[in-house]
Amino acid sequence: MAGKFRAAAYPAWQRPDVSEGLPESGVAVANRPKVEAATIEDLPGLTDLVMELLALSDDFTPDHDLQERGLALILEQPSRGRIFVVRNETRIIGMVNMLFTISTAMGGFVILMEDVIVHPSHRGQGYGTMLLDRVIEFAKQKDFKRITLLTDKISAESQHFFKKNGFEYSNMIPMRRIIDGVT
């Protein structure tokens with residue numbers, strides 16, 4: 001009983017994820033891409049992917065140092081969020097960034113999902129769906145109440161992909177204010 005009480009003292013997403021880092025069940029296929037939690041050693045590959053994503057955006061100017069610092073802040077503090085990657089034996093193929101916050105409307109913890117990207121040479125092969133499936137599985141395991149997604153409004157292809165995977169438009173409109181001194 002005491003063990004149960006201590007586990008309940010922490011939000012589910014702060015408890016260790018026993019499935020992270022474990023091999024897939026079944027027969028492993030050489031060089032078959034798999035989804036797993038990113039580590040600090042993945043920082044260079046993650047930074048390259050985010051730089052590529054932001055190069056396509058009208059809202060942001062890619063800045064290697066800023067993107068690297070932001071990714072490191074997530075990787076160094078799992079209570080802030082997680083990054084999942086899909087990788088083969090030689091490289092990271094894609095990634096997704098999840099940030100954790102609280103929703104008063106939902107009465108619990110929620111995920112803000114950003115930086116969903118699959119390298120252009122690997123698109124259309126199911127890797128984006130693999131990433132989303134892992135995020136949804138994680139959210140259910142850790143008792144998150146909602147996943148909010150930010151995607152570019154000019155990318156009809158991305159919007160179609162997310163709708164196909166169960167995401168819906170919201171009546172909420174994202175707005176932002178850049179704090180002076182931050183570009």
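Start by selecting K145, which at 39% relative accessibility counts as partly exposed in this predicted model. Then add D143, because this residue is partly exposed too, with a relative accessible area of 46%, and look at the side chains of K145 and D143, which meet in a salt bridge with 3.4 Å from N to O. A search of the whole structure finds 5 such salt bridges, and the next stop shows others among them.

**A network of charges**

Select K34, E36, D42 and R87 together, since these residues are linked in a network of salt bridges. Within this group, E36 forms a salt bridge with K34, and the closest N and O atoms are 3.9 Å apart, while K34 itself is partly exposed, at a relative accessible area of 38%. Now turn to D42 and R87, whose closest N and O atoms are 2.7 Å apart in another salt bridge. Why does this pair tie together separate parts of the chain? D42 lies in the loop between β1 (34-37) and α2 (43-55), whereas R87 lies in strand β2, so the bridge joins parts that are 45 residues apart in sequence. Are these two residues buried or exposed? D42 counts as buried at 9% relative accessibility, and R87 is buried as well, with a relative accessible area of 16%.

**The nonpolar cores**

Next, select F84, V96, M98, I111, M113 and F138, the residues with the most contacts inside the largest nonpolar core, which has 20 residues. Colour the elements β2, β3 (92-103), β4 (108-118) and α4 (127-141), each of which supplies at least two residues of this core, and note that the largest share, 6 residues, comes from α4. Apart from this core lies another, of 16 residues, and L43, L53, I74 and I83 are among them.

Return to M113 and display what surrounds it: leaving aside neighbours within four places in sequence, M113 is in contact with residues including V96, L132, V135, I147, L149 and F167.

**The aromatic rings**

The structure holds 6 aromatic pairs, and a good one to select is F84 with F138, an edge-to-face pair with 5.6 Å from centre to centre and 80° between the planes. This pair links distant parts of the chain, as F84 sits in strand β2 and F138 in helix α4, 54 residues apart, and both F84 and F138 are buried. Now select F162 and F167, whose ring centres are 6.0 Å apart and whose planes stand at 80°, so this pair is edge-to-face. F162 is buried, with a relative accessible area of 6%, and F167 is buried at 15%. To widen the view, add F100 and F144 to F84 and F138, for these four residues form one aromatic cluster. One more ring is worth a stop: select F60 and R176, where R176 lies over the face of F60, at 5.2 Å from the ring centre.

**How far to trust each part**

Finally, colour the chain by pLDDT, which averages 84, with 80% of the residues scoring at least 70. Where is the confidence lowest, and where is it highest? It is lowest in helix α1 (residues 2-8), at a mean of 44, and highest in strand β2 (residues 81-87), at 97. Over residues 1-8 the pLDDT stays under 50, and the model has 2 contacts beyond four places in sequence for them. Over residues 18-22 the pLDDT is below 50 too, and this stretch has 8 contacts in the model beyond near neighbours in sequence. Where pLDDT is low, the predicted coordinates should not be read in detail.

Technical notes: Residues are numbered from 1 along each chain as its sequence is written. Side-chain values use heavy atoms; hydrogens and water are left out. pLDDT is the predictor's confidence in each residue, from 0 to 100. Helices (H or I, at least four residues) and strands (E, at least two) are DSSP runs, numbered from the N terminus. Contact means heavy atoms within 4.5 Å. A salt bridge is a side-chain nitrogen of Lys or Arg within 4 Å of a carboxyl oxygen of Asp or Glu. Buried means under 20% relative accessible area, exposed over 50%, partly exposed in between (1.4 Å probe, protein chains only). A nonpolar core is a set of buried Ala, Val, Leu, Ile, Met, Phe, Trp, Tyr and Cys residues joined through side-chain atoms within 4.5 Å. Rings of Phe, Tyr and Trp (its six-membered ring) pair if their centres lie within 6.5 Å; planes under 30 degrees apart count as stacked, over 60 as edge-to-face and the rest as tilted. A charge sits over a ring if NZ of Lys or CZ of Arg is within 6 Å of the ring centre and within 35 degrees of the ring normal.
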